[in-house]
Amino acid sequence: MSNRSTKSTMLIPGAIGEILVSARTTGKLTVLDRHGLKAAILDESLSEEEQRSIDRLLRAVVKGRIAVDPPPKTRPPGAADELIPGGESTSPWLS
């Protein structure tokens, strides 16, 4: 018997459809869209139609028709701010 706990992922009904519509309308996938797709892919109860829709969306990303927003840059805890010549900080945290 395994001691590993299984984590159940619950998808919001219609979430995949909303992600597809958003990606087609805006031409890009946001960080939240990517998290939703990850949850959907891990969900074993997806219908065949939903699986095909995700496959089409991923093909559009590979072909460059849908752009992927990069994750937001975060500043690691304790990171020193870099200075450029002239004493101006390049850190967006100090702007």
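Which residues in helix 1 meet which residues in helix 2? In this predicted model, Ile16, Ile19 and Ser22 of helix 1 meet Asp33, Gly36, Leu37 and Ala40 of helix 2. The residues of this contact divide into 4 nonpolar, 2 polar and 1 charged. The report below places that contact within the chain, then turns to the second helix pair and to three individual residues.

**Overall architecture**

The protein chain contains 3 helices and 4 strands, which follow the pattern α-β-α-α-β-β-β when read along the sequence. Of its 95 residues, 18% are buried. The accessible surface of the chain comes to about 8,000 Å², and carbon and sulfur atoms account for 56% of that surface. Among contacts between residues at least 6 apart in sequence, 59% join residues at least 24 apart.

**Packing of helix 1**

Helix 1 spans residues 15-26, and its packing is described here against helix 2, residues 31-42, and helix 3, residues 48-62. The axes of helix 1 and helix 2 come within 10 Å and cross at roughly 140 degrees. Angles over 145 degrees would count as roughly antiparallel; helix 1 and helix 2 are therefore classed as oblique to each other. Their crossing is left-handed.

Helix 1 and helix 3 pack at an angle of about 25 degrees, with their axes 11 Å apart. Since angles under 35 degrees count as roughly parallel, helix 1 and helix 3 are therefore roughly parallel to each other. Helix 1 passes helix 3 in a left-handed crossing. On the side of helix 1, the contact is made by Ile16, Ile19, Leu20, Ala23 and Arg24; on the side of helix 3, Glu50, Ser53, Ile54, Arg56 and Leu57 take part. By class, this contact has 6 nonpolar, 1 polar and 3 charged residues.

Ile16 and Ile19 of helix 1 thus appear in the contact with helix 2 and also in the contact with helix 3.

**Individual residues**

Two residues of helix 3 may be considered together. Ser53 lies in helix 3 and belongs to the contact of that helix with helix 1. At 9% relative accessibility, Ser53 counts as buried, because the limit for burial is under 20%. Gln51 is also found in helix 3; its relative accessibility of 38% means that Gln51 counts as partly exposed.

Asp69 lies outside the helices, in the loop between strand 2 (67-68) and strand 3 (83-84). With 24% relative accessibility, Asp69 counts as partly exposed. Apart from residues up to four places away in sequence, Asp69 touches Lys28, Leu29, Thr30, Val31 and Arg34.

Each of these three residues can be paired with a residue elsewhere in the chain, as the following table shows.

| Residue pair | Separation along the chain | C-alpha to C-alpha distance |
|---|---|---|
| Asp69 and Leu29 | 40 residues | 6.0 Å |
| Ser53 and Gly17 | 36 residues | 8.5 Å |
| Gln51 and Ala40 | 11 residues | 8.8 Å |

Leu29, paired with Asp69 in the table, is also one of the residues that Asp69 touches. Ala40, paired with Gln51, is one of the helix 2 residues that meet helix 1.

Definitions and conventions: Residues numbered from 1 in each chain as written. Predicted model: local features only at pLDDT ≥ 70, side-chain atom pairs only at ≥ 80, totals over all residues. Heavy atoms only, no water. Axes fitted to C-alpha atoms, helices over the stretch in contact; angles between N-to-C directions. Parallel < 35°, antiparallel > 145°, perpendicular 65-115°, else oblique. Left-handed = near helix turned anticlockwise from the far one by under 90°. Contact = heavy atoms within 4.5 Å. Nonpolar A, V, L, I, M, F, W, Y, C, P; charged D, E, K, R; others polar. Buried < 20%, exposed > 50% of the residue type's maximum accessible area, 1.4 Å probe, protein only. Areas by Shrake-Rupley, 256 points an atom, 1.4 Å probe, with all protein chains shown as cover.
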